[in-house]
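Biologist: Hey, I've just opened this one and I don't know my way around yet. Can you walk me through it?

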Amino acid sequence: FFFSWQTTFQDGGEEVEDGAVYNVTLKKVQIQQAANKGARWLGGEGDQLPPEHTVRQYETSKIRAIKAGTLEKLVENLLTAFGDADFSYISIFLATYRAFASPRAVLELLLDRFGNLETSSRGEVANLNSLESEMVLRVEIASVLRAWLDQCSEDFREPPDYMCLLKLLDYLKNNMPNSDMESRVQNLLKQFQNQEVEAVDGLCSTSSSDLVDGEELEISSNPEEFSSFQDHVVAEQLTYMDVMLFRRVVPYHCLGSIWSQRDKKENKNLAPTVRATITQFNAVTKCVISTILGTRELKIQQRAKIIEKWIHIAHECRILKNFSSLRAIISALQSNSIYRLKTTWMCVSKDILLMYEELSEIFSDHDNYLTSRELLMKEATSKFANLDSSEKENQKKSQKRLQLQKNKGVMQGTVPYLGTFLTDLIMLDTALQDYVEGGLINFEKRRREFEVIAQIKLLQSSCNSYCLIPDQKFIQWFRRQRQLTEEESYKLSRDAEAAADTNVLSPKSQKSMVKRISTLFLGTDVFTPPKEQAPKSSPVGGSSGESTDSASVSSCEFNHSETEDVCVTPISSPEDPLKKSSVGSDKGYDSDKGSISSDKGSGSSKGSIFDPGSGLESGSIPTRDSGSVPSSAPRVLPVYNRQSGGSCIIRVSMDGLHASVYKSILITNQDRIPDVTQRALLKHNLEPDAVEDYELVQVISEDKELVFPRDANVFYGMNSHVNFDFILRKKA
């Protein structure tokens with residue numbers, strides 16, 4: 001006998017209830033059964049049906065997925081979603097509800113309104129008033145609470161009172177006494193309280209330790225100490241630190257609506273788990289720059305050896321599937337202060353330059369970083385890295401190192417560059433509206449956000465496969481590294497290059513090296529040195545106390561007070577991978593995203609954030625101003641530098657600040673200057689009522705601007721042949 005199944009889905013339209021809108025899908029399953037057994041089903045005897053005949057049965061079921069609703073309906077749907085065959089609803093809600101509600105509001109609705117086992121307001125319980133329906137409700141409530149504690153226990157960490165956890169414990173004592181759930185909540189409360197005490201004690205001991213042992217953390221810039229660490233040891237220790245931080249990331253901290261609010265004064269402690277990963281990313285970048293430039297006495301060849309060592313470490317990070325430190329190292333090497341050391345780069349061997357180029361290609365911004373996205377998803381749950389190299393010698397080395405990893409018999413996880421996910425979630429938050437017609441919460445937006453959150457959770461789970469042991473000697477060395485400012489690194493870079501110009505390289509050997517680098521990167525025998533630009537003397541975004549979005553823009557260095565921002569570095573353009581200027585001229589730091597933005601010169605991305613390879617097509621793009629629920633989740637989102645489907649995304653920076661600190665704003669073909677200006681003011685945390693005091697201008701070139709009349713339509717009035725970069729300027 002054999003069975004076979006064939007499933008088809010059909011759009012069943014929408015169902016509208018009071019306070020909710022549902023998408024309906026009809027699931028039709030065709031079951032084929034072998035003839036002999038089918039004969040018995042039909043009442044036949046023996047083998048009355050020919051062997052080639054099969055019996056087909058069809059079964060149709062309805063799947064209801066809530067599309068938009070009030071908070072009350074969304075919470076009630078936690079209890080009914082399983083019956084509606086919307087099996088992923090509880091996970092989606094728990095991962096995203098912090099964007100529109102607090103844990104206390106959800107818990108009160110769940111327990112007081114829908115979880116009262118004696119006088120439940122749910123219709124079927126109130127009408128039937130039967131023991132059976134009460135048991136069903138008890139199981140549903142327990143199922144939701146269990147999922148909440150499993151997936152988002154951090155929601156209940158509210159020291160020192162822990163009001164939500166105490167409320168839940170009181171509910172369980174009254175309705176589910178002596179249950180496993182009650183014991184679990186009691187244990188969680190004790191765990192949180194103990195951790196709070198340990199944190200306070202640890203802070204006190206750390207402070208006193210710093211005073212006593214302060215000299216032990218004296219800044220170190222000894223290149224010999226760095227050279228004493230083996231490449232794979234450095235990569236493993238960086239990976240250890242990255243893994244510890246990434247596993248602690250609370251996924252909802254990455255939501256665009258939450259992460260984009262971090263620069264407000266009252267939100268200085270918002271999303272600490274994300275800030276910690278970004279701080280580590282910047283620390284790695286600063287460490288690379290410090291080891292290369294921190295010692296003035298280094299000779300050209302010594303400095304080149306340090307660059308080669310970091311490229312080898314980056315390669316080891318690639319083997320360990322640590323894309324965070326890999327990108328940090330590559331970003332540092334591509335920073336203005338390191339890149340401009342052209343004489344030093346000439347002393348880097350050809351094989352290592354090829355390795356560097358291949359590693360850099362992973363983070364190419366082509367097609368919305370398609371290469372790094374595909375690689376990340378390909379290796380997300382694989383046991384080991386999939387290493388390919390176009391250079392035979394590098395391929396041999398890679399396979400040899402990879403084989404050593406396999407021989408250890410320990411699987412590896414994957415540490416992503418978190419900025420990719422932050423960018424995607426910010427774009428979703430910008431492009432999709434929070435509420436739809438009738439003031440209903442747009443839950444379709446949360447489903448789209450959960451697609452990104454689910455990837456983060458998958459990668460966090462994979463990190464459990466790492467088996468790394470901390471090396472305190474390296475960690476102490478890493479923490480003692482000198483933190484160079486932008487101006488310091490640029491000055492040291494110029495001094496190093498000036499000293500290199502007096503080196504005894506013969507004209508013949510120098511010409512040979514220039515030709516080698518030119519051929520390697522440009523495919524030509526002409527080498528064009530990079531354009532030098534001095535860094536801005538004033539800090540971006542004002543003083544460190546004004547905004548946490550302040551970022552250095554000419555290199556990867558940041559001031560000590562700005563360590564929570566992502567390092568911004570130039571990426572090679574397709575035309576000339578080595579020809580770069582300062583970051584401010586070709587890269588931007590979106591203070592909403594906390595990540596590196598697209599290259600201005602390369603135009604916009606050609607695909608949506610979930611399907612980067614697909615072309616953009618015109619169609620209905622939901623916006624924050626549209627008033628209806630879209631019939632289905634949009635396939636393509638608006639992008640920067642391209643008008644599509646009557647919408648696009650522009651970048652607005654404040655006059656007087658560097659253009660690389662900007663806010664992404666979605667505009668449609670219905671938006672006029674006052675609307676866009678008001679949204680820009682809100683994004684920059686300024687009073688939205690001050691619209692009349694500001695003017696919006698588009699930057700056409702270094703010496704040209706497009707000034708819009710007061711009621712102009714921004715979408716049709718803007719110049720679509722240049723970058724969609726705008727400045728918000730106070731009127732004279």
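Modeller: Sure, we can start with the overall picture and then go through some details.

Modeller: This is a predicted model, where local features need pLDDT of at least 70, side-chain atom pairs count only at pLDDT 80 or more, and totals for chains, interfaces and linings use all residues. Residues are numbered from 1 along each chain as its sequence is written, and side-chain values use heavy atoms, with hydrogens and water left out.

Biologist: Got it. How many helices and strands does the chain have?

Modeller: The chain has 27 helices and 12 strands. Those are DSSP runs numbered from the N terminus: helices are H or I with at least four residues, strands are E with at least two.

Biologist: And how much of the chain counts as buried?

Modeller: Of its 732 residues, 53% are buried. Buried means under 20% relative accessible area, exposed means over 50%, and partly exposed is in between, with a 1.4 Å probe and protein chains only.

Biologist: What about contacts between residues at least 6 apart in sequence?

Modeller: Among those, 71% join residues at least 24 apart. A contact here means heavy atoms within 4.5 Å.

Biologist: OK, the inside next. Which residues touch the most other members of the largest nonpolar core?

Modeller: Phe93 and Trp310 do, in a core of 131 residues. A nonpolar core is a set of buried Ala, Val, Leu, Ile, Met, Phe, Trp, Tyr and Cys residues joined through side-chain atoms within 4.5 Å. This core draws at least three residues from each of domain 1 (70-118 + 135-193) and domain 2 (230-491). The domain bounds come from an automatic or database domain assignment.

Biologist: What does Phe93 touch?

Modeller: Leaving out residues up to four places away in sequence, Phe93 touches Leu74, Val75, Leu78, Phe100, Val106 and Phe443. There's also a second, separate core of 23 residues, with Tyr640, Ile665, Leu696 and Phe726 among them.

Biologist: Why would those side chains gather like that?

Modeller: In soluble globular proteins, nonpolar side chains tend to be buried together.

Biologist: Which residues of helix 4 are buried?

Modeller: In helix 4 (residues 103-113), they are Pro103, Val106, Leu107, Leu109, Leu110 and Leu111. Their cover includes helix 2, helix 3 (89-96), helix 6 (131-152) and helix 7 (163-175).

Biologist: Switching to charges. How many salt bridges are there?

Modeller: The count is 32, taking a salt bridge as a side-chain nitrogen of Lys or Arg within 4 Å of a carboxyl oxygen of Asp or Glu. One of them joins Lys73 and Glu17, at 3.6 Å from N to O. Lys73 sits in helix 2 (residues 71-80) and Glu17 in strand 1 (residues 3-17), so this pair ties together parts that are 56 residues apart in sequence.

Biologist: Which other residue does Lys73 meet in a salt bridge?

Modeller: Glu76, at 3.9 Å from N to O. Lys73 and Glu76 are three residues apart in helix 2, about one helical turn. Glu76 is partly exposed at 22% relative accessibility, and Glu17 is partly exposed at 33%.

Biologist: Which residues are in the network with them?

Modeller: The salt-bridge network links Glu15, Glu17, Lys62, Arg64, Lys73, Glu76 and Asp84.

Biologist: Now the far end. How does strand 10 run relative to strand 12, parallel or antiparallel?

Modeller: Strand 10 (residues 694-701) and strand 12 (residues 725-730) run antiparallel, joined by five bridges. Gln698 stands opposite Phe726 in strand 12. Strands count as paired if DSSP finds at least two bridges between them.

Biologist: And strand 11?

Modeller: Strand 11 (residues 704-707) is antiparallel to strand 10 too, with four bridges. The two form a hairpin with two residues between them, and Val699 has Glu705 as its bridge partner in strand 11.

Biologist: Any odd backbone spots to look at?

Modeller: A cis peptide bond joins Pro159 and Pro160, with omega about 0°. Pro160 is in the loop between helix 6 and helix 7, and so is Tyr162. Tyr162 has a positive phi, near 55°, and is buried, with a relative accessible area of 1%.

Biologist: Why point those out?

Modeller: Because most residues other than glycine have a negative phi, and most peptide bonds are trans. Asn685 also has a positive phi, near 60°. Asn685 lies in the loop between helix 26 and strand 10 and is partly exposed at 33% relative accessibility.
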